[in-house]
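Trainee: I have a new structure open and I'm not sure how to read it. Could you walk me through it?

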Amino acid sequence: MTLQNDRKYTSSHEWLLDLGNGSYRVGLSDFAQNALGDIVFIDLPQPGDKITAEASLGDVESVKAVSEVLSPVSGTVTATNEALSSAPESINADPYGAWLVEVNDVTGFAELMEASAYEAFCANA
Amino acid sequence: MSELKRTLFYERHVEAGATMVDFGGWEMPIQYPDGIVTEHLATRSGCGLFDVSHMGRFRITGNDAKAFLQHVLTSNVSALDLNQAQYAIIPNENGGAIDDAYLYRFVEDAYILVVNAANAEKDWAHLSREIKAFDAQMENKSEAVALLSLQGPKSKQILSDMAEGAFLTEPVKNALGTVKLCGKTVHIAKTGYTGEPVGYEIFALREDGVFIWDELVKRGAKPIGLGARDTLRMEAGLPLYGHELGLDKDGNEIPIFAISLARFAVSFAEEKKGMIGRAPLERQFAASSRILNRDFSDLRKLPRRVRPIALTGRGVLRAGFPVYKEGKEIGYVTSGTMIPRYVVENQGSLLETFTDQKAMRSIGLALLDSDILTDDAVEVDIRGSKISAVVPAWHLRGDAPPYARPIVVDGPEEPKEKPSADLPASALNLLKKAADNHAWRQEQCINLIPSEMTASRAVRLLSGSDPSFRYAEHKRTASFYDHEVFYYQGTKFIDEVERALVAELVKYFHCTEVEARVISGQMSNVTVFSALMDYKNRLDRKHTPKRLGYILNNHIIKGGHLSAQPMGALHDYVAVDPTTERSAVVNFPVLRENLFKIDVEETKKVIERYRPEFIIFGKSMVLHKEPVREIRQFVDEMKIPTTIMYDMAHVLGLVGPHFQMPFEEGAEIVTGSTHKTFFGPQRGVIAVNYKEDELKYDLWKTIQTRAFPGAVSNHHLGTVVGLLMAAYEMNAFGDEYQKNVIANAKSFARSLKAAGLDVAGDPAISYTETHQVIVKTGYGTGPEVAERLEENNVIVNYQATPEEEGFTASGALRLGVSEMTRFGFGEKEFEQLANLIADCVLRNKPIASEVAKLRAGYTTLGYCFSDEAVNNALDALGTTSGM
């Protein structure tokens, strides 16, 4: 399992990266993509949609199953990673590069862990 | 919860990094590190290896073993010959499924039943209860026997390597064999659960299992987990118990006939009178038949059927999703996910090849109202959104081996030609193209298609001149002392021609009678089959005539001609054996060491067992003489009443001492086409050797009436005249021609071998006794190599050998020397040609211009009349007839 120290993690295996200027990126952790297996479909909100921390942000589907992505943050979606719609498998290949959405106007956060704490959490998962 | 069971391959899965899950009480690999998508594609394009040792394996023996199985399975166990397997369902009293299973017969007196892992205990309990009423025993061999599945186009080569080239199984689905793999004796079955046309299941001793697994992996087989096993079977449209069989999502029994396989897997043969659930299954069968006839008036016995479903909108199908049509709920998805496929080049053609690119599609199976039709547009409710979908005929086809081909809903359509907008221009264009084609085929190309021949100028001119536009129906009439009576005027010339033609052909065949009005070889056979059936029923005209059976012929895979197969010209004349519920046809066994040659001793056993009423010799892939004399002698000694026919289509021009004299050897009927090795235009012929005082002379008379008015009204009079000229040519030049054709074929075969090509057949006889030579190019490469040769001016057939599944998997070329022999090729020219072909096939060298140069020196047809008087007469005929 790989980790990136520049971002924080949720207990439901999303990551949140602070881009500065009040903007954030959301993605799935390496642990999440590995557990899901081959990701074959992703359903994401549109720019302008409001999202709420710890509520569903969209669905990610592998061959085996569908999983909800829980938002690590409350705010407004400013961008969606359109490349994922035709190549959802890039989340498997590069989970920390293949972001899902960008958010600003942030009003709240889910409970977040530093990389080291998340690593320990995963070890016990 | 009790501890999970592990198969003997558990350590191998863990070492390979598999994700292990609980599956029916077994700890099994759901996937390996590469993932389901990669594993799925690796099976479709290469070779997947599956641990299926969790499945239940029961061995059934005893005097009543068959009767017991007929009682507890839906299939007809009497149709299961030695070394065959069959799909079956274990029915309950309501016509629902306790499980589905596969039944194998590796030895004469024992059956192996393989059942689903999750149902094994339930099945064992049920079968143990039922077996008490029978003199039969059942043993649980699940522990003692390791079971592996090897699937995909490369599986055959991998097994073949391990078996050191030994014969695996017949190249047909459900065939079984027993071989040594790296020294370990195993049973193998040409079966599987992936839809792949080439795939095997391997039954090994437990102690050999891991060794065999390792050897398979070493040779490139890729371990595949249960995840891809599920996507592969789903794409193939195969049912999974718990989804498409058993109980539906509301807990109601799914009728067995809800799955389309039921129409093959359920038998109502006489021997299955006591089958569990027979009465409800018969009601389901009747309902299924009504539904397939689009009579939807009463769907109660079969309200829903399992259908393929493909999502056309965005999303992923999952089991349980409701399906709607025009707002009405019509069923639900039973299995579904996103499934990968390789993008192919030349989609929809024989030269289709995989690219590196993959595409995904969301497909699955659904239990839908029985009145839903193929291609109906439907909607799937995906978490509250209605997403568009369609009910296609299938997702995948396995009928073009060596691999299964995905069928996508928006696949390519056959291009349709539009009618001409400018008819004079089109007419001119056609003439130019025909001239170009003629020049190419006659001056630049070397034609090695063994079933083709260029006819002489005389034959061609006569075939086009008057009476080629005329009618000349005629029939023997008893009132006129059996003389032929013509129905038309203006027929004196053709009457004279036909009498002369019969006389020449009687002389050629050394027989008593010839019917030459049939216009093709296929029609010759249909005419004989129809006559034989009529003759069989001649003493009882008050009942529907009985069909023919048993019939002994050459299997198409062993080179048998299409026109003597149940799917070909025998179609309407062969009976169905009520015991096996299959066509009443058996095939000549062939020699293990030479699959091109009939095994006479084994054939005698088949004849004793089946006592065939009709024996058909003859092949389209033919390297050897047919053992007509031996079989005639045997049936006479055994006093087996039968009719022996030799379909000489391909070797009609070789009748004589250099090849075979069919009537001297004991054939009663010879059929053939007149344009393969014979010199004629494209027609057929029937020759018989019955004498007027024989009982079977009536069969001859019936053959004539089945020819006219049975098969022809107009018998294409121009080519009758052409055929008479061809018969004159053959009777004048045939001896020299036949001798040279056979010598050329043998030397061509030796030259091809010396040039490095893999020539099939027996080297001791220089590979062939006919005009044909078979060259192996490698499994599945035949179509590509044949196309490459055509681009280089050499025209050949790609040909499946007796080890291959069919024409799309063919790994050989069929070459014939007869036409080029007629153009003057001898051993030297065929040697030059062999070297050019080797350059093209083995080294991919362009040879087009050298072939054209070689051909340019041999454009005058021989073995025909060419003196000055004949040439002058031909010029005169050309002028008179305007040709």
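Mentor: Sure. Start with one word we'll need: a residue is called buried when its relative accessible area is under 20%. Keep in mind that this is a predicted model.

Trainee: Okay. How much of chain B counts as buried?

Mentor: Of its 883 residues, 57% do. The chain's accessible surface comes to about 37600 Å², and carbon and sulfur atoms hold 51% of that.

Trainee: And how do I judge the overall shape?

Mentor: Compare the radius of gyration with what a compact globule would give. For 883 residues that would be near 29 Å, and chain B has 31 Å, so the two agree. Along the principal axes, the C-alpha atoms fill a box of roughly 100 × 65 × 60 Å. Inside it you'll find 23 helices and 40 strands.

Trainee: Let's zoom in on a helix. How many residues does α13 of chain B have, and how far does it reach?

Mentor: Helix α13(B) covers residues 521–536, which is 16 residues, and spans 23 Å from first C-alpha to last, close to the expected 22 Å.

Trainee: Is α13(B) largely enclosed or open?

Mentor: A general idea helps: an α-helix has 3.6 residues a turn, so residues three or four places apart point the same way. In α13(B), twelve of the 16 residues are buried, so the helix is largely enclosed by the rest of the structure. Among the buried ones are B:M523, B:V528, B:F529, B:L532 and B:Y535.

Trainee: What covers those buried residues of α13(B)?

Mentor: The cover includes strands β32, β33, β34 and β35, along with helix α17, in chain B.

Trainee: What about nonpolar cores?

Mentor: In soluble globular proteins, nonpolar side chains tend to be buried together. Here the largest nonpolar core has 100 residues, and B:L448, B:F509, B:F748, B:L752, B:L833 and B:I837 touch the most other members. Helix α18 (residues 717–754) of chain B gives the largest share, 16 residues. There's also a second, separate core of 48 residues, including B:A97 and B:I254.

Trainee: Which residues does B:L448 touch?

Mentor: Leaving out residues up to four places away in sequence, its partners include B:F748, B:V794, B:L815, B:M820, B:L833 and B:I837.

Trainee: Do contacts like that count as long-range, and how common are they?

Mentor: Look at contacts in chain B with a separation of 6 or more: 69% of them join residues 24 or more positions apart. For a separate example of distance, the C-alpha atoms of B:A856 and B:Q442 are 414 residues apart along the chain, yet separated by 9.3 Å. B:A856 sits in helix α22 and is partly exposed, at 48% relative accessible area.

Notes. Residues are numbered from 1 along each chain as its sequence is written. Chains are lettered from A and ligands numbered from 1 in the order in which they are written. This is a predicted model: local features need pLDDT of at least 70, side-chain atom pairs count only at pLDDT 80 or more; totals for chains, interfaces and linings use all residues. Side-chain values use heavy atoms; hydrogens and water are left out. Helices (H or I, at least four residues) and strands (E, at least two) are DSSP runs, numbered from the N terminus. The expected span of a helix is 1.5 Å times one less than its number of residues. Buried means under 20% relative accessible area, exposed over 50%, partly exposed in between (1.4 Å probe, protein chains only). Contact means heavy atoms within 4.5 Å. A nonpolar core is a set of buried Ala, Val, Leu, Ile, Met, Phe, Trp, Tyr and Cys residues joined through side-chain atoms within 4.5 Å. The radius of gyration is taken over C-alpha atoms; the globule rule is 2.2 Å times the number of residues to the power 0.38. Accessible areas come from the Shrake-Rupley method with a 1.4 Å probe; for residues, only the protein chains shown count as cover.
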